[in-house]
Structures are given as C-alpha cells and as structure tokens.
Amino acid sequence: MAVPPGLSVVIVGGLHADARRAAVARLLADVPGSVALHHDLATAAAGTVVRTVRDITGVLDAGEAPLVNDCACCALREDLVPELERLADAGRTPLAVVELWDSVEPKAMAEVVTAGGLTVTGVITAVDPSLVLPYLGNGDDLADGGLAAAATDQRTVADTFARQLEYAPVLAIAESPEADDEDRELLAQLHPTARQVPIGHGDLAGASELGALAQDTADGLTVPPPRRRPLSPLAEAALAGFDVESAAAAQHPACALFPAEADAHGVSTLVWQQRRPFHPERLYAALEDLTCAAARSRGRFWLADKPDTLFHWDAAGGALCVESVGPWLASLPDAAWEMVPPVRRAAAALDWHPEHGDRGQHLVFTSPGLDRDGLERLLESCLLTDAEYAAGRDAWQRLPHAFDTLLEV
C-alpha cells in the first residue's frame with residue numbers, strides 16, 4: 001500500500017500514554033516526511049495550551065494557543081485545523097499524526113478535522129493490554145489525576161477510557177510482558193470488531209537511517225534517497241480510510257453493533273434481550289447491583305412509564321450514566337421517518353416486533369468472573385410481571401416515575 005497524495009490525517013489517542021507515544025513514534029518512523037502534532041493540555045491551568053510539531057528528528061515548531069472560554073479542548077479545536085491546513089498548503093507532508101492529549105476523546109477531534117475539510121484516514125487508540133482492567137475499573141474523576149480537559153470536566157477515568165477504546169476501529173497494541181490471556185480476552189470482547197495491530201519495534205535501523213537522512217538534508221548535505229520500505233501494518237491501518245458518520249452511528253445506542261455472547265479465559269460477555277418493559281421502581285432499586293456486576297456494561301432499554309423514550313445505559317468503573325437519546329421509531333408518525341438516518345431505520349427493521357416495534361431491552365455486560373446466572377435473574381426481576389404487563393400501557397404510565405430525578409441531573 002502506498003501513501004496517497006495530499007495530506008492524510010490520522011488521530012492517535014488513549015489514556016495509556018506510553019503506548020500512545022510508541023504508536024506515534026512508529027508512524028513517524030514508517031512514513032517518511034510525516035509529522036506529529038500534539039497539544040499539551042496540562043498547562044491549561046496557566047491559561048495556555050502548548051502545541052508542538054515534530055518529525056522523526058525532533059521538534060520542528062512549538063507555540064502556545066490561548067484558552068477559549070476557559071476550555072482547553074476548545075483551544076485545541078480552534079488551533080488544530082489551521083495547523084493542519086498550513087501543513088496541507090505546504091505540500092511537503094504526506095501524513096499528519098494528531099497525537100491527542102491523555103483524556104481527549106477521538107470522536108470529537110475526528111469530527112472537527114473532517115468538518116474542516118481535511119481527510120481523516122484513520123483513528124487509532126493505543127492500548128497496553130495489562131492496563132485495560134485497571135483503567136476500566138477506575139471510577140476516579142479525571143480532575144483528581146490532573147487529566148481534566150476543562151474546569152467543568154466531570155468525566156471519570158473509566159468512562160473516558162471506554163469511549164476511547166470503543167470508538168476507534170484500530171487498536172495499536174503495545175508489547176506488554178505483564179499482560180496475560182485474560183487481559184487480551186477482555187480487550188477482544190470489549191471491542192470485537194476492532195483491528196488489533198501490534199505497535200512492535202519494527203526496523204529500528206531503518207528508522208535511524210530516515211532520521212539521519214532528514215537531519216543531513218536539513219544541514220544542506222547531498223544525500224542519496226532513502227531505500228523504499230513497505231509500510232508497516234500500523235501505517236497501513238493509519239491510511240486505510242475512516243468514515244465519521246459511520247463511526248458515530250456505530251456508537252449510537254439505537255443502532256450500535258454491541259458485542260456478542262462470549263466466554264473464554266475467565267472473561268464473559270452476557271447479551272440480555274427482552275421485549276417486555278422494565279418496572280421503573282424495581283429497576284431503579286437494582287441499579288447499584290447491576291452497575292457493579294460487570295467491568296463494562298452498555299446498551300439500550302425502555303421503561304414502562306415512558307414507553308416512547310429510548311434510554312441509553314453506559315456503565316464503567318462502578319458508575320452508571322443513564323440518558324434519554326430520543327424516541328423509539330415506533331413512537332414516531334410515518335412522516336417523521338424520512339428524517340431518521342437510514343442506518344437507524346435499517347437497524348430497527350432488522351429487529352422489529354409486531355406489537356412493540358423497535359422497543360426492547362438490549363444490554364451487554366462484559367467482565368472477568370461474571371456471574372451470568374445471578375445477573376440474568378436480577379434483570380428478569382426488574383421486568384413487568386405477567387399481571388403488570390397485561391394491565392396495558394395506560395396502567396404502565398401510572399407506575400412510579402422513579403427515574404425522573406436521575407434524568408434531571
């Protein structure tokens with residue numbers, strides 16, 4: 001695979017900083033003429049964001065971007081696209097590697113770069129397999145570890161890591177002697193559709209040669225052209241292509257491709273699907289036990305007292321986020337369907353129920369040591385009983401609105 005003409009942009013992120021830096025270094029070594037852009041948000045408390053541009057030889061340029069509305073991520077957005085446009089206009093750089101700061105999520109940056117008219121050819125999250133479970137179980141606020149991107153940032157380590165991991169179609173896997181089969185299996189079950197690419201050490205001699213040639217050229221010396229080497233698997237993945245709209249759809253709970261049932265090396269994934277709605281009060285009472293039952297759980301669900309609302313379930317690190325993400329398609333008038341993205345309509349059609357339409361429970365729990373039987377019993381106990389179900393929708397909507405306070409937060 002050859003490097004396409006023009007400027008390609010690959011986004012490399014992840015809270016596993018050592019793995020992320022190794023992936024970026026690998027790409028700089030493998031694609032001659034490539035550069036990496038990095039915005040360090042650690043200095044945001046002082047009122048600025050530090051930007052560096054580097055290639056395989058070292059730092060080429062450094063500068064500061066002022067905060068925008070006291071938000072470091074906003075400053076990154078405002079500064080990143082102009083820098084990439086400058087590189088594109090210069091015409092000397094085939095690949096710009098955007099190395100995200102630790103807690104910055106790739107989805108937002110991929111959408112910003114694409115909206116700026118630039119071509120994102122890859123989104124990669126770098127991962128150390130031995131750190132997956134510790135990070136997924138870390139319910140600490142990012143702010144406690146100095147990782148918050150803004151004063152108002154209320155994310156946790158666990159939920160940030162989960163989104164970084166699940167959005168990227170490519171995972172750059174660091175060599176990790178501490179990782180065992182359980183660690184690798186957990187990673188595979190969390191994101192089974194991801195392409196896993198080892199970062200590796202590659203041809204270090206070749207990387208050194210490229211660096212030396214680049215330095216000699218900068219010093220004005222005449223040097224022979226570097227020998228042409230095939231692209232590494234990681235570089236090929238970085239240039240394979242990326243579709244922002246498809247990636248966003250894959251994360252939407254209404255049409256996401258959630259992991260399938262699995263059980264290997266002590267790690268299990270339970271996929272629980274039902275057509276009967278939840279009793280709001282019983283589900284609310286079980287939230288803590290359900291949240292703590294697995295390292296990671298996600299999905300969509302419906303409540304009997306709110307039959308038209310699709311709810312998103314998103315749990316990691318012992319914390320749960322429940323939010324409304326709009327109506328079920330079955331609750332919309334026919335004329336409104338034309339306004340719904342085709343991928344959403346297709347997903348609903350694949351699982352359409354003659355009475356309830358696309359309404360249903362689809363929750364997925366992944367964890368080492370998962371108590372599958374106990375978890376299923378608990379979930380079943382939260383559904384409407386036969387008598388409650390037979391009472392009909394008018395009766396359902398008179399049930400206690402147990403989730404109202406949670407949804408207002």
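Two rings of Phe, Tyr or Trp (its six-membered ring) pair if their centres lie within 6.5 Å; planes under 30 degrees apart count as stacked, over 60 as edge-to-face and the rest as tilted. The exercises below apply to a predicted model.

**Exercise 1.** Determine which residues the ring pairs link into a cluster, and classify the pair of F301 and F403.

Solution.
- The structure holds twelve aromatic pairs.
- For F301 and F403, the centre-to-centre distance is 6.3 Å, inside the 6.5 Å limit, and the planes are 55° apart, which makes the pair tilted.
- F301 belongs to strand β11 (residues 296-303), while F403 is in the loop between α14 (393-396) and α15 (404-408); the pair therefore ties together parts 102 residues apart in sequence.
- F301, at 0% relative accessibility, is buried, and F403, at 1%, is buried too.
- The cluster linked by ring pairs consists of W272, F278, Y284, F301, F311, W313, F365 and F403.

**Exercise 2.** Classify the pair of W302 and W396, and state which elements it joins.

Solution.
- The ring centres of W302 and W396 are 6.2 Å apart.
- Their planes stand at 75°, over the 60-degree cut-off, so the pair is edge-to-face.
- W302 lies in strand β11 and W396 in helix α14, so the pair ties together parts 94 residues apart in sequence.
- Both W302 and W396 are buried.

**Exercise 3.** Find the ring over which the charged end of R276 sits.

Solution.
- The ring is that of Y389.
- The charged end of R276 is 4.6 Å from the centre of this ring, and the distance limit for such a contact is 6 Å.

**Exercise 4.** Describe the largest nonpolar core and locate it relative to the domains.

Solution.
- This core has 54 residues.
- The members touching the most other members are L37, L41, L80, L84, V104, V123 and F242.
- Helix α2 (residues 72-90) gives the most to the core, with seven residues.
- Domain 1 (8-243) and domain 2 (262-408) both give residues to the core, so it lies between them.
- A second, separate core has 24 residues, among them A19, V170, A237 and L239.

**Exercise 5.** State what the UniProt record assigns to residues 267-383, and give the helix and strand content of that span.

Solution.
- An unreviewed UniProt entry annotates residues 267-383 as "domain: CobW C-terminal".
- In the model, residues 267-383 are 26% helix and 38% strand.
- The end C-alpha atoms of the span lie 27 Å apart.

Technical notes:
Residues are numbered from 1 along each chain as its sequence is written. This is a predicted model: local features need pLDDT of at least 70, side-chain atom pairs count only at pLDDT 80 or more; totals for chains, interfaces and linings use all residues. Side-chain values use heavy atoms; hydrogens and water are left out. Helices (H or I, at least four residues) and strands (E, at least two) are DSSP runs, numbered from the N terminus. Buried means under 20% relative accessible area, exposed over 50%, partly exposed in between (1.4 Å probe, protein chains only). A charge sits over a ring if NZ of Lys or CZ of Arg is within 6 Å of the ring centre and within 35 degrees of the ring normal. A nonpolar core is a set of buried Ala, Val, Leu, Ile, Met, Phe, Trp, Tyr and Cys residues joined through side-chain atoms within 4.5 Å. Domain bounds come from an automatic or database domain assignment. UniProt positions are given in the numbering used here, feature names are shortened, and annotations may be inferred rather than shown by experiment.
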